[in-house]
Amino acid sequence: DNKTVNLSWSYIAQADGYRVYRYDNGKWSFLKNVKKRNVISTTDKNVQAGKTYQYRVRCFWTIGGTNYYGNYSSVVSATVPPAKVSDVKTQKRSSTYVTLGWSKISGSSGYRVYKYNTAEKKYESVATIAGGAEVSYKVTGLSGATTYKFKVKSYKKAEGETVWGEASDAREE
């Protein structure tokens, strides 16, 4: 998965550029310089799925070859969506239920299982599994003569919000 964090900030007319920092391993580290005053965004491409990062920015002025820095911005957090669930399998099938399983996604807070509703022509949630450790679910109330489609999504809870990964490919049963 090619995950990124997109950052943007307010334009400062007198600035010659901006310096972006990321909080890593207990300390603030320089991430990159944006050396154009009218460019007020950048992308952090060196991130991991399911991880939360903190950033701050400050402007700079260059006078006589020396950089002078403004105050740091407020700290903002960004959570990278967890990886796509890529291997939904049938663990057991009977005429009235199917047990689905998948591999654990690193950084996941849990999963949501979806079943395709043919009448509504859309996937509907059948269960949310909190905790991230449980990687199977038994979907009950099925009819043996019917074919069903299922998908699974991983999610990450951080900073009071829920960030969803991409849905798995459909598993037909």
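**Figure 1. Contacts across the sequence of the protein chain.** In this predicted model, let us begin with who touches whom along the chain. Taking contacts between residues at least 6 apart in sequence, 57% join residues at least 24 apart. The fold behind these contacts has 15 strands and zero helices. Its radius of gyration is 22 Å, well over the 16 Å that the globule rule gives for 173 residues, so the chain is more spread out than a compact globule. Along the principal axes, the C-alpha atoms fill a box of roughly 80 × 35 × 25 Å.

**Figure 2. Surface and charges of the protein chain.** Here we turn to what is covered and what is not. Of the 173 residues, 36% count as buried. The protein chain exposes about 10,100 Å², and carbon and sulfur atoms supply 43% of that area. If you are interested in charge, the chain carries 28 positive and 14 negative charges, and the mean positions of these two sets are 4 Å apart.

**Figure 3. A close-up of Thr62 in strand S5.** Strand S5 spans residues 52-63, and Thr62 is part of it. Thr62 counts as partly exposed because its relative accessibility is 38%, which falls between the 20% limit for buried and the 50% limit for exposed. Leaving aside neighbours within four places in sequence, you will find Thr62 in contact with Asp16 and Asn67. With Asn67, the link runs from side chain to side chain: a polar contact of 2.7 Å.

**Figure 4. Thr62 and Ser108, a pair to compare in sequence and in space.** How far apart are Thr62 and Ser108 in space, C-alpha to C-alpha? The distance is 44 Å, while 46 residues separate the two in sequence. For orientation, Thr62 can be found in strand S5.

**Figure 5. A close-up of Thr79 in strand S7.** Our last view moves to strand S7, which covers residues 76-79 and includes Thr79. Is Thr79 buried or exposed? Thr79 counts as buried, because its relative accessibility is 14% and the limit for that class is under 20%. Apart from neighbours within four places in sequence, the residues in contact with Thr79 are Lys51, Thr52, Lys156, Ala158 and Val163. Among them, Thr52 also takes part in a polar contact of 2.9 Å, which joins its side chain to that of Thr79.

Terms used
Residues numbered from 1 in each chain as written. Predicted model: local features only at pLDDT ≥ 70, side-chain atom pairs only at ≥ 80, totals over all residues. Heavy atoms only, no water. Helix = DSSP H or I, 4+ residues; strand = E, 2+ residues; numbered from the N terminus. Rg over C-alpha atoms; globule rule 2.2 N^0.38 Å. Buried < 20%, exposed > 50% of the residue type's maximum accessible area, 1.4 Å probe, protein only. Contact = heavy atoms within 4.5 Å. Areas by Shrake-Rupley, 256 points an atom, 1.4 Å probe, with all protein chains shown as cover. Lys, Arg positive; Asp, Glu negative; His and termini not counted. Charge placed at Lys NZ, Arg CZ, Asp CG, Glu CD. Polar contact = N/O pair within 3.5 Å; in protein donor to acceptor, adjacent residues only side chain to side chain.
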